[in-house]
Amino acid sequence: MSALSRVLRPRTLETLRSISPNFVAMYSNSADIPKFETLAVSVPKQFVYHVQLNRPDKLNAMNRKMWLEVGECFQKLGDNADCRAIVLSAAGRLFTAGIDLKDFAKMGPQLAEIDDVARRCRMLEKTIQLYQDSISSLEKCPKPVICAVHDACIGAGVNLITAADIRWCTNNAWFQVREVAIGMAADVGVLQRLPKVVGNDSLVRELAFTGRKFVADEAKEFGMVSKVFETKESMVEKAVELAEEISGLSPVAVQLTKRNLVYSRDHSVQEGLDHIRIWNQTMLQSEDFLNATMAQATKSPPPTFSKL
Ligand SMILES: CC/C=C\C=C\CC(=O)SCCNC(=O)CCNC(=O)[C@H](O)C(C)(C)COP(=O)(O)OP(=O)(O)OC[C@H]1O[C@@H](n2cnc3c(N)ncnc32)[C@H](O)[C@@H]1OP(=O)(O)O
C-alpha cells in the first residue's frame, strides 16, 4: 500500500486523480517500486509498471546481474497488488544485444579450475537453470507483460520477448536468433516458445539454423509482433495506454485469463477446458464477476476493482 493510499480515503484519491491526470504519476510511493542495478522501474499510471533494461552503454547486453534481476523483478511485480500490467522496454540505442559475451566468457576460466566433468556440468547446469528461470519469470508473472522492442533484439533478447504476452516493435527493429552464430544451441526458451508464438515450424527452423536477421515487417507478417510503430516514444506511450486499459479491468479476470492461455498453449483443448472449468468454479463467485456483470446489465459505469 502506498503512503498516500494509507492516509487518503479511496474517494479522495479518485477526486485528486480526476483533477490532475498527472496525479497517478505521483501515486505510487517510491518505497513500492523495486530498485535494481541493471533495470529501471517506474509507475507511469496507477497499476501500470514500466520496466526498462538499463545498461545502455553495453547495449543492454544481459550480464549475470541482469539475468538475476529480471527474475527477481517479475517475481516481485507478480506479488505486488499495486501492479496489474507491465510494459517492458529498454533504454538507449537498442533493445538488447543479447547475452553479455564478456561476462559469459568468464565461465571458461572458472570451469577450467574444476577437474571433474560431473562438477563442471553441475556448475553449467546451475547457470543455465538460473537464466531459464529468469526468462520464464515473465510467463510465470500473473500480470500481462507488454514488450516494446526498438532497433535490435538479439539472441537472449528473442528468448526474453517470446516469454511476454504481447510484443510490439518499431519499424526499424530487427531480430536474430543468434545462438548458432556463437556456437551454441539456444537454451533459454526460444526453441520452445517461438514455434508456438508464430505457428510456423519451418520458418523457426530456418531462423534458428542460420541465425539470420529478420526485420519488423517480416516479424509482423509471421505474427511475432502484433503492431509496428514509427518511433519508440509513440510505441511506449501506446503500450502504457494498453497497460492502463487492462489495469482498469478485473484483476481476477485478467490474471486467470493469462494463466489459462499459458496452460492451454501447452495442453490439449480438453485439458485447457478442464483447467478453466475448475478455476472458474471458484472465480465466478468473486465480487469482480458480480460487480462487472451488474454494471453491464444495468448500463452503469464500469466498477472499480479492489486489489488482488
Ligand atoms: C546460458 C546461455 C543463455 C543465453 C544465451 C544467449 C545467446 C545470445 O544472446 S547470442 C547473441 C550474442 N550477442 C551478439 O552476438 C551481439 C554482439 N554485439 C554486436 O554484434 C554489436 O555490438 C551490435 C549489436 C551489432 C552493435 O554494434 P555497434 O553499434 O557497432 O556497437 P558496439 O560498439 O559493438 O557496442 C557498444 C558497446 O556495447 C558492448 N556490447 C555490445 N554487444 C555486447 C554483448 N553481447 N556482450 C557484451 N558487450 C556488448 C560493446 O562491447 C561496446 O562496449 P564498449 O565498452 O564500448 O567496448
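This report describes a predicted model of a protein chain with a bound ligand, moving from the chain as a whole to the surroundings of the ligand.

The protein chain holds 15 helices and 9 strands, and of its 308 residues, 44% are buried. When contacts between residues at least 6 apart in sequence are considered, 67% of them join residues that are at least 24 apart. Toward the outside, the protein chain exposes about 16,200 Å², of which carbon and sulfur atoms supply 56%.

Around the ligand there is a shell of 23 residues, and the closest of these are K58, R93, A97, L101 and R178. By residue class, this shell is made up of 13 nonpolar, 2 polar and 8 charged residues. Helix α5, which spans residues 101–105, gives the largest share of the shell, namely 3 residues.

Several contacts between the protein and the ligand can be described atom by atom, as the following table sets out.

| Residue | Protein atom | Ligand atom | Distance |
|---|---|---|---|
| K58 | side-chain N or O | oxygen | 2.3 Å |
| A97 | backbone N or O | nitrogen | 2.8 Å |
| I99 | backbone N or O | oxygen | 2.9 Å |

For K58, then, the ligand is approached through the side chain, whereas A97 uses a backbone N or O atom, as does I99. The ligand has 1,100 Å² of accessible area on its own, and the protein covers 69% of that area. K58 and A97 are also listed among the residues closest to the ligand.

Technical notes
Residues numbered from 1 in each chain as written. Predicted model: local features only at pLDDT ≥ 70, side-chain atom pairs only at ≥ 80, totals over all residues. Heavy atoms only, no water. Near = heavy atom within 4 Å. Polar contact = N/O pair within 3.5 Å; in protein donor to acceptor, adjacent residues only side chain to side chain. Areas by Shrake-Rupley, 256 points an atom, 1.4 Å probe, with all protein chains shown as cover. Helix = DSSP H or I, 4+ residues; strand = E, 2+ residues; numbered from the N terminus. Nonpolar A, V, L, I, M, F, W, Y, C, P; charged D, E, K, R; others polar. Buried < 20%, exposed > 50% of the residue type's maximum accessible area, 1.4 Å probe, protein only. Contact = heavy atoms within 4.5 Å.
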